[in-house]
Amino acid sequence: MRNIALGIQIKVNTCKIRSKTDVVIININSALAERVDDSNMLVRILFDLGLAHSKKGEDKEAVSYFEKVLNQPLDRELSNIVSLELARGYFQLSRYQDVL
């Protein structure tokens, strides 16, 4: 049995979604695949992906997304929030020098 959503085929019997977080990651990745031209939307998508991966304990992936966010133009408040999340990810990966 196959379910086709947004051009992605998923085998329902062999690929079971483990949690709501997995659904969030799939949905956000689908939105990202639609070529986001709005830089604010891109920042939000990348940040949400980082948070979703962090919640799943996938710190390496989370750090990658938070680093991408910091490469975008941000206001000071958002930059501080992203930096905090990035520091948490570095800490979880035992990358203590990067936390500083």
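These are my notebook entries on a predicted model of one protein chain.

**Entry 1: the overall layout**

I started with the secondary structure and found 5 helices and 2 strands in the chain. Following the sequence from its start, I wrote down the pattern β-β-α-α-α-α-α. Next I looked up burial: of the 100 residues in the chain, 25% are buried. The accessible surface comes to about 7,300 Å², and carbon and sulfur atoms account for 51% of that. I also checked contacts with a separation of 6 or more, and 36% of them join residues 24 or more positions apart.

**Entry 2: helix α1**

How far apart are the end C-alpha atoms of helix α1? I found 18 Å, which agrees with the span expected for 13 residues at 1.5 Å a residue. This helix covers residues 20-32. Its buried residues are T21, D22, I25, I28 and S30. I kept a general rule beside that list: an α-helix has 3.6 residues a turn, so residues three or four places apart point the same way.

Then I picked two other residues of α1. Is K20, in helix α1, buried or exposed? K20 is exposed, because its relative accessible area of 73% is over the 50% cut-off. The C-alpha atom of K20 is 9.6 Å from that of A52, although the two are 32 residues apart along the chain.

A31 also belongs to helix α1. A31 counts as partly exposed because its relative accessibility is 29%, between the 20% and 50% cut-offs. Setting aside neighbours within four places in sequence, I found A31 in contact with V36 and I45. I noted M41 as well: it is 10 residues from A31 in sequence, with 9.8 Å between their C-alpha atoms.

**Entry 3: the nonpolar core**

Which residues of the largest nonpolar core touch the most other members? My list reads F47, L49, F66, V69, V82 and L86, out of 16 residues in that core. Helices α1, α2 (39-55), α3 (59-70) and α4 (76-92) each give at least two residues to this core. The largest share comes from α2, with 6 residues.

I zoomed in on F47. Not counting residues up to four places away in sequence, F47 touches F66, V69, I81, V82 and E85.

**Entry 4: helix α4 and E85**

I repeated the length check on α4. Its 17 residues should span 24 Å at 1.5 Å a residue, and the end C-alpha atoms are indeed 24 Å apart. In α4 I found V82, E85, L86, A87, G89 and Y90 buried. The cover over these buried residues includes α2, α3 and α5.

E85, which sits in helix α4, got a closer look. Why does E85 count as buried? E85 is buried because its relative accessible area is 13%, under the 20% cut-off. Apart from neighbours within four places in sequence, E85 is in contact with F47, L51 and F66. So I met the pair F47 and E85 again from the other side, since contact means heavy atoms within 4.5 Å.

**Entry 5: a nonpolar patch on the surface**

My last stop was the surface. Which residues make the nonpolar surface patch of about 290 Å²? The patch is made by F91, Y96 and V99. I placed V99 in helix α5, which runs over residues 96-99. V99 is partly exposed, because its relative accessible area of 34% lies between 20% and 50%.

Note on methods. Residues are numbered from 1 along each chain as its sequence is written. This is a predicted model: local features need pLDDT of at least 70, side-chain atom pairs count only at pLDDT 80 or more; totals for chains, interfaces and linings use all residues. Side-chain values use heavy atoms; hydrogens and water are left out. Helices (H or I, at least four residues) and strands (E, at least two) are DSSP runs, numbered from the N terminus. The expected span of a helix is 1.5 Å times one less than its number of residues. Buried means under 20% relative accessible area, exposed over 50%, partly exposed in between (1.4 Å probe, protein chains only). Patches are made of residues with over 30% relative accessible area and no salt bridge: like charges are joined within 9 Å, nonpolar side chains (Val, Leu, Ile, Met, Phe, Trp, Tyr) within 5 Å. Accessible areas come from the Shrake-Rupley method with a 1.4 Å probe; for residues, only the protein chains shown count as cover. A salt bridge is a side-chain nitrogen of Lys or Arg within 4 Å of a carboxyl oxygen of Asp or Glu. A nonpolar core is a set of buried Ala, Val, Leu, Ile, Met, Phe, Trp, Tyr and Cys residues joined through side-chain atoms within 4.5 Å.
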